[in-house]
Amino acid sequence: MNLLKYFKTLGWLEALPIFLTENLLVLLLALGFGYLLQVVFGRSRALGPVHHPISGQEIRLATCTLLINTVVTYAGFVLWRQGFITIREEFSWRILLDFVVLFLGMDLLMYGFHYVIHQTVLYRWIHALHHEYAEPQPIDLFVLHPLETFGFGGLWLLLMAVYPANFLAIFAYLTVNVLFGVVGHSAVEPFPRAWERSPVLRYIGSSGFHFQHHQNDQSNFGFYTSIWDRMFGTFASGPAIKKQPR
């Protein structure tokens, strides 16, 4: 990959503003997509109030998350340059396998981390901040306690260190990760109702799946799928669609 070759030539400090710009772009695109979902589905597929005003606290915490995500990205860059993380570059069928491993691996790791936080004093110290928003909006994807952001970032770096994935699989996973996060905090359900009856698609972590977690914080700890919640008995079906007045 030419991009990887380019990053190998960068000085240590030259990479930092690039990663800051990258994470800022991700944040802005995520917010834009989330609020677009509310415009498109807000009247017919709403799970709760949409177009909620953004508070100063949400802006401050989202900014803090942006900066920490930049630090995590830079840490990954350093670990890669030092040989602790291996990124493969060949184009082959293994790209799909790598994506599945990253997708399900992170889903399981984050399920475990999320569950432990809820069952310990860490909930009051760290995670309760995110649950102040019982009816989440797109910006609330980035409204996290700093230690929690570092925790999720650390899980990602750990998986990268133990599993040498392809660059394209990593890019695809990171894109899907943001999309799931935005959909889960959009307060609307863009997924078709028919998915709930599908033997495969019903395991996808829909917006209603995560919205239910904000309503009942002892259920639905997964992020991308409901597999682990169904397996460990923490699954709860999502809330009903609420038609908004015209």
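With 246 residues, a compact globule would have a radius of gyration near 18 Å, and the protein chain agrees with that at 18 Å. Keep in mind as you look around that this is a predicted model.

## The whole chain

Let's begin with the overall build. Along the principal axes, the C-alpha atoms of the protein chain fill a box of roughly 55 × 40 × 40 Å. The chain contains nine helices and two strands. If you walk along the sequence, you meet them in the pattern α-α-α-β-α-α-α-β-α-α-α.

How much of the chain is buried? Buried residues make up 46% of the 246 residues. The protein chain exposes about 12,600 Å², and 69% of that area is supplied by carbon and sulfur atoms. Contacts tell you about the fold too: among those with a separation of 6 or more, 77% are between residues 24 or more positions apart.

## A buried leucine

Now zoom in on Leu 61, which you can find in helix H3 (residues 56-81). Is Leu 61 buried or exposed? Its relative accessible area is 13%, so Leu 61 is buried, as the cut-off for that word is under 20%.

Which residues does Leu 61 touch, leaving aside those up to four places away in sequence? They are Leu 129, Phe 142, Val 143 and Leu 144. Leu 61 also shows how the fold brings together separate parts of the sequence: His 145 lies 84 residues away along the chain, yet the C-alpha atoms of Leu 61 and His 145 are separated by 7.5 Å.

## A network of charges

Next come the salt bridges, of which the chain has three. Here they are, with the distance between N and O atoms for each pair:

| Basic residue | Acidic residue | N to O distance |
|---|---|---|
| Arg 88 | Glu 90 | 2.7 Å |
| Arg 88 | Asp 98 | 2.7 Å |
| Arg 94 | Asp 98 | 3.7 Å |

Start with Arg 88, which counts as buried because its relative accessibility is 14%. Its partner Asp 98 links distant parts of the chain with it: Arg 88 is in strand E1 (residues 87-88) and Asp 98 is in helix H4 (residues 94-119), ten residues apart. Both members of this pair are buried. The other partner of Arg 88, Glu 90, is partly exposed, with a relative accessible area of 34%.

What about Arg 94 and Asp 98? These two are four residues apart in helix H4, so about one helical turn separates them. Arg 94 is partly exposed at 28% relative accessible area, whereas Asp 98 counts as buried at 0% relative accessibility. Through shared partners, the salt bridges join Arg 88, Glu 90, Arg 94 and Asp 98 into one network.

## A nonpolar patch on the surface

Finally, turn to the outside of the model. Phe 33, Leu 36, Val 39, Val 40 and Leu 179 make a nonpolar surface patch of about 440 Å². Which helix gives the largest share of the patch? Helix H2 (residues 15-41) does, with four residues.

Leu 36 is one of the patch residues, and its place is in helix H2. Its relative accessibility is 47%, so Leu 36 counts as partly exposed. Try setting the two leucines side by side in the viewer: Leu 61 in helix H3 is buried, whereas Leu 36 in helix H2 is partly exposed.

Technical notes: Residues are numbered from 1 along each chain as its sequence is written. This is a predicted model: local features need pLDDT of at least 70, side-chain atom pairs count only at pLDDT 80 or more; totals for chains, interfaces and linings use all residues. Side-chain values use heavy atoms; hydrogens and water are left out. Patches are made of residues with over 30% relative accessible area and no salt bridge: like charges are joined within 9 Å, nonpolar side chains (Val, Leu, Ile, Met, Phe, Trp, Tyr) within 5 Å. Accessible areas come from the Shrake-Rupley method with a 1.4 Å probe; for residues, only the protein chains shown count as cover. A salt bridge is a side-chain nitrogen of Lys or Arg within 4 Å of a carboxyl oxygen of Asp or Glu. Buried means under 20% relative accessible area, exposed over 50%, partly exposed in between (1.4 Å probe, protein chains only). The radius of gyration is taken over C-alpha atoms; the globule rule is 2.2 Å times the number of residues to the power 0.38. Contact means heavy atoms within 4.5 Å.
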